[in-house]
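Please find below a reviewer's note, set out as numbered points, to be read alongside the sequence and the structure.

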Amino acid sequence: MTTENKFLAQRIYLILTSLFICSLVVSNLIFQKFFYWYPFGNVEFFGAKLFQISVGIIPYPITFLITDIISEIYGKKKANQVVTTGIFASIFSLGIIYIANLAPALENSPVSDALFSKVFGQTALAVIASMLAYLFAQYIDIQVYHFWKKITKGKMLWVRNNFSTMTSQAVDTLCVLLLLCSFNILAWNLFLPLFISGFLFKVIIALLDTPFMYLAVYYFRKKFHLKTNEELNID
């Protein structure tokens, strides 16, 4: 690989890492707003709305698409590095929110202490819960992805992309809901409906992002002249 191509590969890796961290942190900040998954808003399951989901789920699947792209092109080591970086970014954002919550608001402040605490006050527990779930899910995603990559010898991209994401998303949804319900952020009667709706939403997103995965892999292989199962070394 030429020096110019190596620089380009490093720059793309940094962009993917930035998008990953942004999606992860934002999902932790906006999680308290819930909406109905149109057009299934009136479907009930055990007395609870089945397709009521948090807006925090919207950017979260992006992180799994990015780790799959990095796993495919840059390898397992680089994918694990991105996951670890995301953990530190979440902890850092949690510290900033904690300090901001301690600072007293002015009387004419557009956002009062009460409103700020209501929106962000439970973020600490949410980030901890999300971070623990994310830690398990992302590492599982990378392990499963490379398991299928080895089994298929670098072929059948859709298999490892979808199977790894579906497995990890099931783990993530289960863990985060268990922790949020245990911390009394969510009521236990919402656990099963939120798990089913959240997991189904993530599965559908995983299926929809498959073409983007193929486009990304096609671009990298053509741009950097990669063979099937070949990875970029940017160290």
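1. Alanine 79 counts as buried because its relative accessibility is 0%, against a limit of under 20% for that class. The model is predicted, and this value, like the others in the note, is computed from it. Alanine 79 belongs to helix α3. Once neighbours within four places in sequence are set aside, the contacts of alanine 79 are Thr67, Ile70, Ser71 and Ile142. One of these partners, threonine 67, is 12 residues away along the chain, and its C-alpha atom is separated from that of alanine 79 by 5.6 Å.

2. Helix α3 covers residues 76–102. Its 27 residues, at 1.5 Å a residue, should span 39 Å, and the end C-alpha atoms are 40 Å apart, so the two values agree. Besides alanine 79, the buried residues of α3 include Lys78, Val82, Val83, Gly86, Ile87 and Ala89. Further along the helix, Ser90, Ser93, Leu94 and Ile97 are buried as well.

3. On the overall architecture, the protein chain contains 8 helices and 4 strands. Their order along the sequence is α-β-β-β-β-α-α-α-α-α-α-α. Of the 235 residues in the protein chain, 45% are buried. Among contacts between residues at least 6 apart in sequence, 76% join residues at least 24 apart.

4. How many cavities of 30 Å³ or more does a search of the whole structure find? The search returns 1. The largest cavity holds about 390 Å³ of space. It is lined by 21 residues, and those closest to its centre are Phe31, Ser54, Ile57, Val176 and Leu180. Two or more lining residues come from each of α1 (3–29), β4 (52–54), α5 (123–151), α6 (157–182) and α7 (191–208). The largest share, 5 residues, is supplied by α6. By class, the lining has 12 nonpolar, 7 polar and 2 charged residues.

5. The helix α6 also deserves a check of its length. With 26 residues at 1.5 Å a residue, α6 should span 38 Å; the end C-alpha atoms are 38 Å apart, so expectation and model agree. After α6 comes asparagine 184, which has a positive phi near 65°. On the other side, methionine 156 sits in the loop between α5 and α6. Methionine 156 is a residue other than glycine with a positive phi, near 50°. Its relative accessible area is 46%, so methionine 156 is classed as partly exposed.

6. For α7, the 18 residues should span 26 Å at 1.5 Å a residue, and the end C-alpha atoms are 25 Å apart, which agrees. The buried residues of α7 are Phe191, Pro193, Leu194, Ser197, Gly198, Phe201, Lys202, Val203 and Ala206. Lys202 is thus one of the buried residues here, as Lys78 is in α3.

7. Two packed helices are described by the angle between their axes and the distance between the axes. For α7 and helix α8 (residues 210–224), the axes come within 4 Å and cross at roughly 35°. The residues that meet are Ala206, Leu207 and Leu208 in α7 and Thr210, Pro211 and Phe212 in α8. This contact comprises 5 nonpolar residues, 1 polar residue and no charged residues. Ala206, which takes part in the contact, is also among the buried residues of α7.

8. The segment after α8 contains histidine 225. Histidine 225 is exposed because its relative accessible area is 64%, where the class begins at over 50%. Its phi is positive, near 55°, in a residue other than glycine.

9. Where is methionine 1 found? Methionine 1 lies in the segment before α1. With a relative accessible area of 54%, methionine 1 is classed as exposed. Leaving aside neighbours within four places in sequence, methionine 1 is in contact with Lys6, Phe224, Leu232 and Asn233. The C-alpha atoms of methionine 1 and leucine 226 are separated by 10.0 Å, although the two residues are 225 residues apart along the chain.

How values were computed:
Residues are numbered from 1 along each chain as its sequence is written. This is a predicted model: local features need pLDDT of at least 70, side-chain atom pairs count only at pLDDT 80 or more; totals for chains, interfaces and linings use all residues. Side-chain values use heavy atoms; hydrogens and water are left out. On a 1 Å grid over the protein atoms alone, a cavity is a set of points where a 1.4 Å probe fits but cannot get out, and a pocket is an open set with protein on both sides within 12 Å along at least five of seven lines; lining residues have an atom within 4 Å of a point. Grid points are joined across faces, edges and corners, and a volume is the space filled by probe spheres set on the points. Ala, Val, Leu, Ile, Met, Phe, Trp, Tyr, Cys and Pro count as nonpolar, Asp, Glu, Lys and Arg as charged, and the others, Gly among them, as polar. The expected span of a helix is 1.5 Å times one less than its number of residues. Axes are lines fitted to C-alpha atoms, for helices over the stretch in contact, and angles run from 0 to 180 degrees between N-to-C directions. Contact means heavy atoms within 4.5 Å. Buried means under 20% relative accessible area, exposed over 50%, partly exposed in between (1.4 Å probe, protein chains only).
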